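Reader: I have a structure to study. Can you take me through it step by step?

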Amino acid sequence: IPSQMGDLTKLRGASMFNNTFEGRIPDSLGNLKDAIALYLDENELTGQVPRALGSMSSMIDLRLRDNDFTGTIPTELGDLIELETLYMDTNQGIGGTIPTELSKLSKLNELHL
């Protein structure tokens with residue numbers, strides 16, 4: 001995923017699921033403050049889920065399932081106060097504890113870890 005995607009600041013949604021995209025999610029995607037949906041599930045993305053995704057203040061539906069992410073769930077995802085759906089399951093390399101910050105997601109109605 002090219003870092004230049006973060007320059008598309010008016011982007012409301014991006015559906016890039018069920019491909020064979022590789023590499024890391026660029027921190028620049030955190031610049032997409034107006035985005036309400038981001039589907040990156042079912043790819044071959046690696047590395048840690050960027051903390052910068054917590055800056056996507058309008059995000060309602062974030063799907064990162066079925067990739068090769070490692071590390072822990074970023075506490076910054078708890079800042080996505082509009083979030084209703086979060087899919088992060090089937091990422092065998094994600095471990096640790098579930099951040100207590102996710103309890104701030106009062107609109108969340110689907111959580112898959």
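Here are some short questions and answers.

Author: This is a predicted model, where local features need pLDDT of at least 70, side-chain atom pairs count only at pLDDT 80 or more, and totals for chains, interfaces and linings use all residues. Residues are numbered from 1 along each chain as its sequence is written, and side-chain values use heavy atoms, leaving out hydrogens and water.

Reader: How many strands are in the protein?
Author: Strands (E, at least two residues) and helices (H or I, at least four) are DSSP runs, numbered from the N terminus. The count of helices is zero. The count of strands is nine.

Reader: What share of the residues of the protein count as buried?
Author: Buried means under 20% relative accessible area, with a 1.4 Å probe and protein chains only. The protein has 113 residues. The buried share is 39%.

Reader: Is Asn 91 buried or exposed?
Author: Asn 91 lies in the loop between β7 (85-87) and β8 (93-94). Its relative accessibility is 6%. Therefore Asn 91 counts as buried.

Reader: Which residue has a backbone oxygen that the side chain of Asn 91 reaches?
Author: The distance is 2.9 Å. The backbone oxygen belongs to Met 88.

Reader: Which residues is Asn 91 in contact with, leaving aside neighbours within four places in sequence?
Author: Contact means heavy atoms within 4.5 Å. Neighbours within four places in sequence are set aside. That leaves Leu 64, Arg 65, Asp 66, Asn 67, Asp 68 and Phe 69.

Conventions:
Buried means under 20% relative accessible area, exposed over 50%, partly exposed in between (1.4 Å probe, protein chains only). A polar contact is a pair of N or O atoms within 3.5 Å; within protein, one must be able to donate a hydrogen and the other to accept it, and residues adjacent in sequence count only if both atoms are side-chain atoms.
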